[in-house]
Amino acid sequence: MTVRTRFAPSPTGMLHIGGVRTALFCWLYARRHGGTFILRVEDTDRERSTDAAVQVILDGMAWLGLTPDEGPFYQTKRYDRYHAVIGQLLQNGHAYQCYCSKTELEELRAGQMARKEKPRYDGRCRHRTEPLAGVTPVVRFRNPDEGQVVVNDIVHGPIVFDSQELDDLIILRSDGNPTYNFCVAVDDWDMGITHVIRGDDHINNTPRQINMLRAMGATPPVYAHLPMILGPDGTKLSKRHGAVSVLEYESAGFLPEALLNYLGRLGWSHGDQELFTIEELVQFFDLDAVNKSASALNPDKLAWTNQQHMMRRSGAELAPRFAWVLAQRGIETGSIDLAAVAECLKERAKTLVEMADGAAFFFADPTEYEAKAASKHLNAETAPVLVAARAALAALEGAWTAAAVHAVLESLVVILGVGLGKVAQPLRVSVAGSGVSPPIDATLAILGAAVALRRIDRAIQYAQAN
RNA sequence: GCUCCCAUCGUCUAGAGGCCCAGGACACAGCCCUCUCAAGGCUGGUACGAGGGUUCGAAUCCCUCUGGGAGCGCCA
């Protein structure tokens, strides 16, 4: 049997990190077993579904590379099918029409709550034979009222529900729209889904879906319920935690493979391994190594994971995404070699945004020097060193490379009888404006002779005046 | 309230009865390396929620409790 999984988000809110983790596991499971990954948009809530949310799902998954093999399918385009199934269910007695008003149902619920009972529909319309004039009925699924339903969950093991706990849920609203649990059952059946992998907030829906599947004559799929992802403070994920659109992570300078690596390690593990390429994730992933307890997001570890992935890419590989981040921030990069900048900054930044911050001085002369660094490294004492360095560097002319710069500074240090730091720091502050930058030889090489010498000249003037 | 789920360092996790007075990772502290910052290396502290069983032996199996979470919609 070929594995078929589906990711079924509802476009009522933005696709966030929790949804992405679910999508990732569905995708990985399909890839791992040579199966098919399907995207299905559950948009039956026409009030709250938005096109913008659908677009984020599509764009987000494309950015992450979680491309579906089939779909996207939209439930709103399958209404004919749902209505046909409901017709059958009505005909064979697995469903019936209910004329209860909303206020009547509210009263029923209130009474049950007051008696400390579990609120549920009591089936009062089950045996009604005559329509109620002037009322458009809803259709309810007739749940078996005896026996048990066993959900054989791959991550949780068997979960048993008494049928008595399940009431007759509405499958068709009075406005003609079918409801969630019903559409899911029909779709999973029609699409031949073999493994339903979703959040464990759906565990309680599962026995109902199994019952409907059986009533329709379908064999239920295998289920795997994933633990929830919580915010860094251990509470439910919310906008406050950055449960924002997954695309925000792209803007924040994360690499898709790093986000996926981090998310993969939430609720799943492969021994002590922390860093995985996408290929390794596909190779090692399996549902039996998924754990059952909820996990909290750790922004520090996500950042570390991102840095590790950046370090494993070449500057040239990083350059396009880095350029995108710079452009997004309106930074003009001129003729600076972005691949070279990324190469020497990739281990000094947790994200591409941090990289952009650290690279700012490459694209514009410092407008002022950082006070502490300037007073320490640009003063009357260091001015002569800068003058000497400037002269030695200027002699390089056309041979302005990192290696050449390095050699010049090394010999200058010997001549002056000082440590490299005595020369490097004043130069660093001169060209970068602060005491922090990549190695001075690489920094000067990237800047180019003209720009570097110009900045050093300015710094010499400043140093002599202070 | 009822039903269901969950429970190892602050966080992510390893652990499927003896290899565990519990290992790795993030974060934190110290040291080393060093032209700054990083990266890297080394060292350190902190965890099996509680109580009962089962067993020669339990983080691992069973029960109870406690604590957290989800569901109980003409939402998905």
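Visitor: Hi! Which protein residue has a polar backbone atom 3.2 Å from a base oxygen of RNA strand B?

Guide: Hello! That residue is Pro-439: one of its polar backbone atoms sits 3.2 Å from a base oxygen of RNA strand B. Keep in mind that this is a predicted model.

Visitor: Okay. Which elements give two or more residues to the surface near RNA strand B?

Guide: There are helices and strands on that list: α4 (102-114), β7 (157-162), α5 (180-190), β12 (295-296), α10 (299-311), α17 (420-432) and α18 (440-447). The largest share comes from α10, which supplies six residues.

Visitor: And how many residues surround RNA strand B?

Guide: The strand has 64 residues around it, and the closest are Lys-116, Arg-173, Gly-267, Glu-347 and Arg-428. Of the RNA atoms that come within 4 Å of the protein, sugar and phosphate make up 67%.

Visitor: What are some contacts with a phosphate oxygen, then?

Guide: Here are two. A polar backbone atom of Tyr-180 lies 3.2 Å from a phosphate oxygen of RNA strand B. In the case of Gln-308, an N or O atom of the side chain is 3.2 Å from a phosphate oxygen of the strand.

Visitor: How do the residues of that surface divide into nonpolar, polar and charged?

Guide: The surface near RNA strand B has 23 charged residues, 21 polar ones and 20 nonpolar ones.

Visitor: Switching topic: how much space lies in the largest pocket?

Guide: The largest pocket holds about 1,300 Å³ of space. It has 41 lining residues, and those nearest its centre are Ser-10, His-16, Gly-19, Asp-201 and His-202.

Visitor: Which elements give two or more residues to that lining?

Guide: They are β1 (4-7), α1 (17-32), α5, β9 (195-199) and β11 (229-230). Helix α5 also appears among the elements giving two or more residues to the surface near RNA strand B. For the pocket, α1 has the largest share of the lining, with four residues.

Visitor: What's the mix of residue types there?

Guide: The lining of the largest pocket has 17 nonpolar, 14 polar and 10 charged residues.

Visitor: How many cavities of 30 Å³ or more are there?

Guide: The count comes to two. About 40 Å³ of space lies in the largest cavity, and about 30 Å³ in the second largest.

Visitor: What lines the largest cavity?

Guide: Its lining is made up of Trp-63, Glu-250, Gly-253, Phe-254, Arg-321, Trp-324, Val-325 and Leu-352. Helix α11 (residues 315-328) gives the most, with three residues. By type, the lining has five nonpolar residues, two charged and one polar.

Visitor: And what lines the second largest cavity?

Guide: You'll find Asp-365, Pro-366, Tyr-369, Ser-430, Arg-454, Arg-455 and Arg-458 around it. Helix α19 (residues 449-465) has the largest share of that lining, with three residues. Here the division is four charged, two nonpolar and one polar.

Visitor: Let's pick a single residue. Is Ala-356 buried or exposed?

Guide: Ala-356 counts as buried because its relative accessibility is 2%, and the cut-off for buried is under 20%. This residue lies in helix α13 (residues 352-363).

Visitor: What is Ala-356 in contact with, leaving aside its neighbours within four places in sequence?

Guide: Its contacts are Phe-322, Val-325, Leu-326 and Arg-329. Ala-356 and Phe-322 are 34 residues apart along the chain, and their C-alpha atoms are separated by 7.6 Å. Val-325 may ring a bell, as one of the residues lining the largest cavity.

Visitor: Where does Asp-145 lie?

Guide: Asp-145 lies in the loop between β5 (138-141) and β6 (148-153). With a relative accessible area of 47%, Asp-145 is partly exposed.

Visitor: Which residue's side chain does the side chain of Asp-145 make a polar contact with?

Guide: The partner is Arg-126, and the distance between the two side chains in this polar contact is 2.8 Å. Leaving aside neighbours within four places in sequence, Asp-145 is in contact with Arg-126, Ser-163 and Gln-164.

Visitor: One last thing: which residues does a cis peptide bond join?

Guide: That bond joins Gly-71 and Pro-72, with omega at about 5°. Pro-72 lies in strand β3 (residues 70-74). As background, most peptide bonds are trans.

Methods: Residues are numbered from 1 along each chain as its sequence is written. Chains are lettered from A and ligands numbered from 1 in the order in which they are written. This is a predicted model: local features need pLDDT of at least 70, side-chain atom pairs count only at pLDDT 80 or more; totals for chains, interfaces and linings use all residues. Side-chain values use heavy atoms; hydrogens and water are left out. A residue is near a molecule or strand if one of its heavy atoms lies within 4 Å of it. A polar contact is a pair of N or O atoms within 3.5 Å; within protein, one must be able to donate a hydrogen and the other to accept it, and residues adjacent in sequence count only if both atoms are side-chain atoms. Ala, Val, Leu, Ile, Met, Phe, Trp, Tyr, Cys and Pro count as nonpolar, Asp, Glu, Lys and Arg as charged, and the others, Gly among them, as polar. Buried means under 20% relative accessible area, exposed over 50%, partly exposed in between (1.4 Å probe, protein chains only). Contact means heavy atoms within 4.5 Å. On a 1 Å grid over the protein atoms alone, a cavity is a set of points where a 1.4 Å probe fits but cannot get out, and a pocket is an open set with protein on both sides within 12 Å along at least five of seven lines; lining residues have an atom within 4 Å of a point. Grid points are joined across faces, edges and corners, and a volume is the space filled by probe spheres set on the points.
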